[in-house]
Amino acid sequence: MTMNVNVLVQTDNLSKEEWLSYRRQGIGGSDVSCLIGINKWKSELELWLDKTNSEEGEPVEENEAMQWGTIMEPIIRNHFAEVTGKEVIELKAMLQHPQYPFMLADVDGITVDDNGNPAILEIKTASEYKRNEWETGVPAYYLTQVQHYLCVTGLEKAYVAVLIGGNSFKIYEVEADTEIHSMLIAIEQEFWNKVVNNIRPEIDGSEAAKKLLDTLYSGGINEQLTLPDEAKQYVDLYLEACSDEDSAKAKKQEACNHLKELMGDYEKAECSGYSISWKPVTSERLDSKALKEAEPEIYDKYVKTSTSRRFTLK
C-alpha cells in the first residue's frame, strides 16, 4: 500500500509525553472541530494555548471513556477485518501533509477499498445515549476528523468502524470531498499562522471557552479594576442580549399560556404535525433546610461544598 504522504515520526516506541510534543508541531484530526466551532469541550483559544505550549494550557487527562476506547481499538480493528475480509495494517506513525506540513494525521489503520486501493480505517466507540447521533451517518464532529485524514494522506475513501453501547457494530464509508479539504486547509493555515506568530485567538461565545476561562481564572483579587474603553462594546452586547433574552422568554410564555388555555384539562394535543403535552409531573425534592435543622450531623456528613465564580452586570 502506497500513499503520497510524509512520515513525521514513528510512534511505536514513543512515550505519551513524546507523542504529545510531536502533536504540538501541527494540527491533528481531533483538533479540527475546535477550529470550526463544533467542539463542545475545547475552544480555539484552548487549542492555541496547547500548541504554543503556554503555561495557561491545561493538560488533557484521560478519562474512563478514553481508556476504554484505547482498550477496544485492537478488538474493533480485528472485527472489521473479519466482517469485511479486508486486510488492515496498524500504522504506527504520525503522518504529515506533503505540501502543508502543519497538517498531521495519526490514523487507526490502513485498509483497502473494494477496488484494492488503500483506504483509511478510523475506529470509534460510543456510549448508548449517543446512539441516535450515529443513526443517519458519521456525526459532524468525527466527519471533519476523517476528512482531515483523507486530505493529509491524499486517499479517496475512509471506513469508520464504531461500537455503540458495547453491543452494536456499524461500518460507514466516507468519500473524500475536495471542497471540504480546501476549506480545512484554509482554516488550519490561518490558525497555524496564529501559532507560529504568537497571535492569541479572540475568545468566543462557546461553552468550551466559558469552561476554559473558569479554569484559568479562579479569582482572589479584591481590588476593583477599571476596564479599558474597548470593554464598553461587550457591556452593551451583554445588556442587549439580556434584553433580547427577556423578550424571548416573555413571547415563549405568552404562546405557552395560550396553548394551555386551549387545551384546558386535556393532557395531550396535536397541531400541524406537532405533539403538545401538558401532563402532571410528581417530583421529590430533599428539604435541605429542614434536614439541617433536624439532623445537623447527618447534614454535615453528606453536604458537598463547591466554589465557583458568579458573573453579574447591572
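Reader: Let's start in a loop: what is the relative accessible area of glycine 219?
Author: Glycine 219 sits in the loop that joins H7 and H8; helices (H or I, at least four residues) and strands (E, at least two) are DSSP runs, numbered from the N terminus. Buried means under 20% relative accessible area and exposed over 50%, with partly exposed in between (1.4 Å probe, protein chains only). Glycine 219 therefore counts as partly exposed, its value being 43%.

Reader: Before we go on, which pLDDT do local features need here?
Author: Residues are numbered from 1 along each chain as its sequence is written, and side-chain values use heavy atoms, with hydrogens and water left out. Please keep in mind that this is a predicted model: totals for chains, interfaces and linings use all residues, side-chain atom pairs count only at pLDDT 80 or more, and local features need pLDDT of at least 70.

Reader: Thanks! Which helix gives the most to the largest nonpolar core?
Author: A nonpolar core is a set of buried Ala, Val, Leu, Ile, Met, Phe, Trp, Tyr and Cys residues joined through side-chain atoms within 4.5 Å. The largest one has 37 residues, and those that touch the most other members include Met103, Ile120, Trp134 and Phe191. Among the elements supplying at least two residues each are helix H3 (44-51), strand E5 (118-126), helix H5 (140-153) and helix H6 (178-196). With five residues, the top contributor is H5.

Reader: Which residues does a separate second core include, besides the surroundings of isoleucine 120?
Author: Leaving out residues up to four places away in sequence, isoleucine 120 touches Val107, Tyr149, Leu150 and Tyr159, among others; contact means heavy atoms within 4.5 Å. The second core is separate and has nine residues, including Met72, Ala119, Leu121 and Ala161.

Reader: On to the rings: how are the planes of phenylalanine 80 and tyrosine 159 arranged, and how far apart are the two residues along the chain?
Author: Rings of Phe, Tyr and Trp (its six-membered ring) pair if their centres lie within 6.5 Å; planes under 30 degrees apart count as stacked, over 60 as edge-to-face and the rest as tilted. The structure holds six aromatic pairs. Phenylalanine 80 and tyrosine 159 are at 5.7 Å centre to centre with 55 degrees between the planes, which makes the pair tilted. This pair links distant parts of the chain, helix H4 (residues 64-84) and strand E6, and the two residues are apart by 79 residues.

Reader: Is phenylalanine 80 buried or exposed?
Author: The answer follows from its relative accessibility, which is 0%. Phenylalanine 80 is therefore buried.

Reader: Which residues do ring pairs link into a cluster?
Author: Tryptophan 134 is one of them, and its 1% relative accessibility means that it counts as buried. The members of the cluster are Trp41, Trp134, Tyr141, Tyr142 and Tyr172.

Reader: How much space lies in the second largest pocket?
Author: On a 1 Å grid over the protein atoms alone, a cavity is a set of points where a 1.4 Å probe fits but cannot get out, and a pocket is an open set with protein on both sides within 12 Å along at least five of seven lines; lining residues have an atom within 4 Å of a point. Grid points are joined across faces, edges and corners, and a volume is the space filled by probe spheres set on the points. For this pocket, that space is about 1,800 Å³.

Reader: And which helix gives the most to its lining?
Author: The lining of the second largest pocket receives at least two residues from each of helix H7 (207-216) and helix H8 (232-263). With five residues, the one that gives the most is H8.
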